[in-house]
Amino acid sequence: MPFNVETFKNEPFTDFSIPENKSAFESAIKKIESELGKKYPLIINGEKIFTDETFKSLNPSKPSEVIGEFSIAQREHIEKTLEVAWKVFEEWKRIPAKERAAILLRAAYLLRKRKHEFSATMVLEVGKNWAEADADTAEAIDYLEFYAREAARYGEFQPLTPYRGEIPEYFYIPLGVGVIIPPWNFPLAITLGMTTASIVTGNCAILKPSSDAPLIAYKFVELMHEAGLPKGVLNFLTGPGSKVGDPLVAHPKTRFVAFTGSREVGCHIYELAAKVQPGQKWLKRVIAEMGGKDAIIIDESANLEDAVKWTLASAFGYQGQKCSACSRLIIHQNVYDKVLEMLVEETKKIEIGPARENYFMGPVINASAEKKILEYIEIGRNEGRLLTGGKKADIEEGFYIEPTIFADVDKNAKIAQEEIFGPVLSVIKAKDFDDAIRIANASVYGLTGSVFSMDRKNIIKAKEEFHVGNLYINRKCTGALVDVHPFGGFNMSGTDSKAGGRDYLLLFLQGKSVSERISF
Ligand code: NAD
């Protein structure tokens with residue numbers, strides 16, 4: 001039976017040069033501002049529960065502004081949620097895949113209608129500029145549309161070789177109850193992507209969002225319920241990773257964990273989940289998408305203006321706070337000085353200010369991120385030649401750091417090896433293209449990379465040897481689109497999954513093989 005819906009298409013981005021779009025977005029920001037500072041509950045089996053212990057989500061552009069106050073889940077809430085989710089699973093897993101998919105399609109429709117409201121929430125809660133927030137929402141819509149179609153495809157009987165005298169069948173069933181732990185940096189797209197992949201395949205989910213982005217996650221959970229998701233399929237528990245995340249991951253009733261975040265936390269979760277607890281009946285599946293130290297190579301044959309433009313977009317877009325952000329720039333020695341000169345000239349034009357006012361660069365996420373990035377900048381002063389930036393931007397309130405570039409960095413330097421997750425670019429000189437590829441691969445990570453070159457031989461070499469999950473030629477290394485660039489990295493960048501690709505839903509399913517003998 002075909003799933004009669006239109007072919008998947010990526011959601012277009014909003015053109016903010018059109019005055020109506022600009023004023024609609026401004027109104028959406030005002031609406032969110034008028035609702036700031038409220039208290040938010042946990043959601044367990046559809047029930048809203050407020051706890052005494054709470055934490056606050058703050059606006060990084062203006063930390064004196066409280067976005068919302070969120071409940072901290074206690075041990076009893078964790079136990080109750082797991083118990084209830086397993087009960088609900090017994091019903092939910094029997095709902096045909098196409099019916100579950102229909103809920104995602106309905107959610108996509110609702111999200112498209114309220115697009116600016118969701119994007120505006122991210123402008124205020126995580127400091128994205130308008131285009132970055134709009135792209136995050138568009139990606140979220142894409143996940144809903146794409147995973148709905150994918151679930152229907154996985155819901156079919158799968159082809160097998162016929163066997164005389166038997167009717168063999170192969171079909172996919174869900175895993176059970178899983179825990180979803182997203183980061184704050186794509187707080188709608190990644191949160192929604194991992195969660196809806198879990199539930200559209202028939203699992204029940206417990207979402208524990210990042211404490212830096214709980215409001216946008218709360219709005220997403222409400223949207224799913226508005227779209228018709230039965231209560232208890234998706235539950236919402238907020239609180240610190242150590243207090244809420246760890247017990248959920250370690251719990252014997254947890255069947256799988258879908259995590260996106262840092263290498264450090266990802267490795268910790270992987271280890272914790274691997275330990276079989278008393279009473280546990282399975283080995284937990286862990287889908288972990290982790291950090292990056294992504295490189296762009298500029299070859300001597302490259303169009304340098306183009307390469308510099310896209311390098312800056314990759315390095316400093318959303319303040320370098322993307323797992324796909326360029327943090328190492330590897331330049332062929334013959335064009336090294338020229339590229340540095342162009343890079344500095346263009347970087348100096350970048351304007352920084354509050355996300356609300358739509359500057360190219362806004363704040364980094366919080367005080368501890370700011371501190372960590374400034375510490376790396378101090379390390380960089382000894383490991384490279386500071387070309388531009390290197391300090392906090394001169395803005396009264398908020399976590400603003402200037403776009404910073406260090407040249408002449410050694411490939412093994414700390415700032416060329418460790419993920420800084422801020423607007424800091426390390427530039428490394430390469431002797432030739434082979435050397436550039438060697439430098440690019442000299443990392444424990446393997447997430448994204450770009451090559452700027454007009455030399456076909458080098459382009460082919462990069463396709464074969466540059467070991468990253470997402471390689472781009474003559475374009476930026478950020479901005480993956482659902483089902484155009486299935487996304488996820490190698491090595492310490494994660495467990496090799498590809499979000500927004502045709503293999504992704506399989507991670508939330510298990511295949512069952514049945515055969516009935518009919519001639520006896
Ligand atoms: P993080 O690892 O600090 O936190 C991620 C999530 O884990 C949060 O929800 C946090 O509350 C939770 N957590 C923290 N400690 C925990 C614990 N002990 N047990 C259980 N949960 C815990 O990462 P972040 O700062 O939110 O996000 C930035 C990181 O995410 C960067 O390293 C970035 O590269 C990575 N990232 C990767 C991808 C990808 O697709 N590979 C995408 C986006 C971000």
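# A guided walk from loops to ligand

Guide: Asn45 is found in the loop between β2 (42–44) and β3 (47–49). Keep in mind that we are looking at a predicted model.

Visitor: Why is Asn45 called partly exposed?

Guide: Its relative accessible area is 27%. Buried would mean under 20%, and exposed would mean over 50%. The value for Asn45 falls in between, so Asn45 counts as partly exposed.

Visitor: What makes the phi of Asn45 worth pointing out?

Guide: Here is the background: most residues other than glycine have a negative phi. Asn45 is not a glycine, yet its phi is positive, at about 50°.

Visitor: Where is Phe421, and what is its phi?

Guide: Phe421 belongs to the loop between α13 (414–417) and β16 (424–430). Its phi is positive, about 60°, although Phe421 is not a glycine.

Visitor: Let us go to another loop. Why is Lys208 called buried?

Guide: Lys208 is in the loop between β8 and α7. Buried means under 20% relative accessible area, and Lys208 has 5%, so it counts as buried.

Visitor: What makes Gly239 a polar contact of Lys208?

Guide: A polar contact needs a pair of N or O atoms within 3.5 Å. The side chain of Lys208 reaches the backbone oxygen of Gly239 at 3.2 Å, so the distance fits the cut-off. Leaving aside neighbours within four places in sequence, Lys208 is also in contact with other residues, including Ile180, Pro182, Leu237 and Val244.

Visitor: Where does Ser210 lie, and is it buried or exposed?

Guide: Ser210 lies in the loop between β8 (204–207) and α7 (214–226). With a relative accessible area of 12%, it is under the 20% limit, so Ser210 is buried.

Visitor: Which residues does Ser210 touch, beyond those up to four places away in sequence?

Guide: Ser210 touches Pro182, Pro183 and Trp184. Touching here means heavy atoms within 4.5 Å.

Visitor: Pro182 sounds familiar. Which residues come nearest to the ligand?

Guide: Pro182 is one of them, together with Asp246, Ser262, Met290 and Glu419, out of 28 residues around the ligand.

Visitor: How do you know that Trp184, Met290 and Glu419 make polar contacts with the ligand?

Guide: Let us set each distance against the 3.5 Å cut-off for a pair of N or O atoms. An N or O atom in the Trp184 side chain is 2.9 Å from an oxygen atom of the ligand. A polar backbone atom of Met290 is 2.7 Å from a nitrogen atom of the ligand. For Glu419, a polar side-chain atom is 2.6 Å from a ligand oxygen. These distances are within 3.5 Å, so the three pairs count as polar contacts.

Visitor: How much of the ligand's accessible area does the protein cover?

Guide: On its own the ligand has 850 Å² of accessible area, and the protein covers 87% of that.

Visitor: Where does the ligand sit, and which elements give two or more residues to the shell around it?

Guide: The ligand sits in the largest pocket. The elements are α8 (241–250), β10 (256–260) and α9 (263–274).

Visitor: One last stop: why is Leu447 called buried?

Guide: Its relative accessible area is 3%, under the 20% limit, so Leu447 counts as buried. You can find Leu447 in the loop between β17 (445–446) and β18 (448–452).

Note on methods: Residues numbered from 1 in each chain as written. Predicted model: local features only at pLDDT ≥ 70, side-chain atom pairs only at ≥ 80, totals over all residues. Heavy atoms only, no water. Helix = DSSP H or I, 4+ residues; strand = E, 2+ residues; numbered from the N terminus. Buried < 20%, exposed > 50% of the residue type's maximum accessible area, 1.4 Å probe, protein only. Near = heavy atom within 4 Å. Polar contact = N/O pair within 3.5 Å; in protein donor to acceptor, adjacent residues only side chain to side chain. Areas by Shrake-Rupley, 256 points an atom, 1.4 Å probe, with all protein chains shown as cover. 1 Å grid on protein atoms, 1.4 Å probe; cavity = no way out; pocket = protein on both sides within 12 Å on 5 of 7 lines; lining within 4 Å. Sits in = over half its atoms within 2 Å of the grid points.
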